Amino acid sequence: MDTPLKPQLEEIAGIGVFSDMRPEQLEFLLEESVYQDIRRGETLYTHGGDNRKMYCLLSGRIKIGLTASSGNERIIDIVLPGKTFGESALFWKQQVPVYAEAMTPSLLLVLNGETVLGSMRKWPEVTLSFLELAHQRVQSLLEGMYACCLRTAEQRVVDYLMQNAEALAQDQMQAVVNLPANKSVVASSLNLSPETFSRQLHQLENSGVVRVDRHSVHIFDLREIRKRCIS
């Protein structure tokens, strides 16, 4: 449900597409904005988004997925706090089989779509910020296509580990990857079956490169992961 509290400028000032905007531009964007709490498993949209809304995740996790008429689905993104989503619906009126669903209880800042478009008409630099965001989205999709079409299952898994590795301060050759969702969701985001994803992790574990826990993967040698990324 939406809450009546007035969103504050500080909540979006450092976030992605908003980070280079001036205070008056942010204030304009927040004029018609509201908070929205959603429960785990609650669906925000099922047909590519709402052309009246743009979302900014303040806490929780949201999965963005594609569905086919056969019922098959693929996770294309896992939205973490500080990220925006749903903005493409403001510019593309045609329905697409993309859904957004809360993976955990989540708090959203919902921006009014017409206000967002109005800010772009008013300030050309705001338009450029959204063009940069669109470029990032396209680049991410191209990277996903490259991985799915030209990278093996092992390469996709080690690419993912390398991209999300957080080095441990006491040993720069060791790192940890905190999985943002359960393994089946992460597997879907890599266009792998859960079984294939688990098998690849266990092969890395058996070779002594990683240790797999329930919600994380501990990397013992980042150099070995890097070698496998470029092999």
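These legends walk through a few close-up views of aromatic rings in this predicted model.

**View 1. Phe28 and Trp123 meet edge-to-face.** Welcome to one of the 3 aromatic pairs that the structure holds. The ring centres of Phe28 and Trp123 are 5.4 Å apart, with 90° between their planes. Phe28 belongs to helix α1 (residues 23–30), while Trp123 sits in the loop between α2 (113–122) and α3 (124–150), so this pair ties together parts that are 95 residues apart in sequence.

**View 2. Trp123 has a charged companion in Lys122.** Stay with Trp123 for a moment and look at Lys122: its charged end sits over the Trp123 ring, 5.2 Å from the ring centre. Is Trp123 buried or exposed? Its relative accessibility is 12%, so Trp123 counts as buried.

**View 3. Tyr55 and Phe85 are stacked.** Here the planes of the two rings stand at 15° and their centres are 5.1 Å apart, which means that Tyr55 and Phe85 form a stacked pair. Which strands do they come from? Tyr55 lies in strand β4 (residues 53–59) and Phe85 in strand β7 (residues 84–85), so the pair ties together parts that are 30 residues apart in sequence.

**View 4. Tyr45 joins Tyr55 and Phe85 in one aromatic cluster.** Now bring Tyr45 into the picture, as Tyr45, Tyr55 and Phe85 make up a single aromatic cluster. Two members of this group can be described further. Tyr55 is buried, with a relative accessible area of 2%. Phe85 also counts as buried, at 4% relative accessibility.

Methods:
Residues numbered from 1 in each chain as written. Predicted model: local features only at pLDDT ≥ 70, side-chain atom pairs only at ≥ 80, totals over all residues. Heavy atoms only, no water. Phe/Tyr/Trp six-rings, centres within 6.5 Å; stacked < 30°, edge-to-face > 60°. Helix = DSSP H or I, 4+ residues; strand = E, 2+ residues; numbered from the N terminus. Buried < 20%, exposed > 50% of the residue type's maximum accessible area, 1.4 Å probe, protein only. Lys NZ or Arg CZ within 6 Å of the ring centre and 35° of its normal.
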